[in-house]
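User: Please take a close look at a single helix of this model and at the helices that pack against it. I should like one connected account, with the criteria behind each term.

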Amino acid sequence: DTGASEAIARLEAELAQMRAKAEADAARLAQAEERLSTLATTTSDAAAAAAATDTATQLPLIFSGLDSAFANGRGFEPELAALRSAMPEASIPESLSGRATTGLPRPEAVRQSLTQIIPDMLAQRPLNGEGDWQAATLDWFRGAVAMRPNGDVEGDHPEARIARLEAAVARGDFQSASEELAALPEAMRVPASAIEADIKALAEAQGFIEQQVIDVQQRVGG
């Protein structure tokens, strides 16, 4: 009848309004969710950027502290802990972590020890057996009085390597010093056995710092 038709029409109109309102609410909810997602991403990016900036600020201080500890033979456990916190992915060699409390040998002490044992090292160098007796005698005399060239001398003969070893230790380049020492004849390395481990430890420390700096530069550049 007419009354029922009007009631149905009103209900349909109200239902249509409710549907329209529900669609509008759904659209507003979707917009709100999108804004929340954008805000979360922005906040996350900002936090990551802030963390990266903070790390980039800390690392030079950490590396400077480690370098100072290596140069002075003091412990560096706080610096390693700070490095682990700033760079969890950093792989710290056992030769460093094992000496974090006691510290590495002082470079100056290694230099003094090397100076004392160089005559013994030169005395063990292979003698030239191809020359006459005068050349052989001169060769022996040079070893006995520890005569050798100075500085970065070219060549693979023992005197040149000893000279480069001594020069590398004097300037604090223990990576080069370790390479030169390892290339000497076994007999010449025997007198240096007491400091060979110290030279190697200092070389690994320098290599570690250099590699971490390279990794940070690559990460920042990337």
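Analyst: The account below begins with the whole chain and then turns to helix 6 and its partners.

This is a predicted model, in which local features need pLDDT of at least 70 and side-chain atom pairs count only at pLDDT 80 or more, while totals for chains, interfaces and linings use all residues. Residues are numbered from 1 along each chain as its sequence is written, and side-chain values use heavy atoms, with hydrogens and water left out.

The secondary structure of the chain comes to nine helices and zero strands; helices (H or I, at least four residues) and strands (E, at least two) are DSSP runs, numbered from the N terminus. Of the 222 residues in the chain, 28% are buried, where buried means under 20% relative accessible area, exposed over 50%, and partly exposed in between (1.4 Å probe, protein chains only). Among contacts with a separation of 6 or more, 59% are between residues 24 or more positions apart, contact being defined as heavy atoms within 4.5 Å.

Helix 6 covers residues 158-170, and its 13 residues reach 18 Å from the first C-alpha to the last, close to the 18 Å expected at 1.5 Å a residue. That expected span is 1.5 Å times one less than the number of residues. The helix is mostly covered, with twelve of its 13 residues buried. Among them are the charged-residue positions Glu-159, Arg-161, Arg-164 and Glu-166, as well as Ile-162, Leu-165 and Val-169. After helix 6 comes Gly-172, which has a positive phi, near 80°.

Two packed helices are described by the angle between their axes and the distance between the axes. Here the axes are lines fitted to C-alpha atoms, for helices over the stretch in contact, and angles run from 0 to 180 degrees between N-to-C directions.

The first partner to consider is helix 7 (residues 174-182), where Phe-174, Ala-177, Glu-180 and Leu-181 are buried. These residues lie on the same side of helix 7, because they cover an arc of only 120° around the axis; the arc is that of the directions from the helix axis to the C-beta atoms. Helix 6 packs with helix 7 at an angle of about 155°, and their axes are 8 Å apart. The pair is therefore roughly antiparallel, given that angles under 35 degrees count as roughly parallel, over 145 as roughly antiparallel, 65 to 115 as roughly perpendicular and the rest as oblique. The crossing of helix 6 past helix 7 is left-handed, meaning that the near helix is turned anticlockwise from the far one by less than a right angle, whereas clockwise would be right-handed. On the helix 6 side, Arg-161, Arg-164, Leu-165, Ala-168 and Val-169 take part, and they meet Phe-174, Ser-176, Ala-177, Glu-180 and Leu-181 of helix 7.

The other partner is helix 4 (residues 107-123), whose axis comes within 10 Å of that of helix 6 and crosses it at roughly 175°. Helix 4 and helix 6 are therefore roughly antiparallel to each other. Arg-111, Leu-114, Thr-115, Ile-118, Met-121 and Leu-122 of helix 4 make this contact with Ile-162, Leu-165, Glu-166, Val-169 and Ala-170 of helix 6. Leu-165 and Val-169 thus take part in the contact with helix 7 and also in the contact with helix 4.
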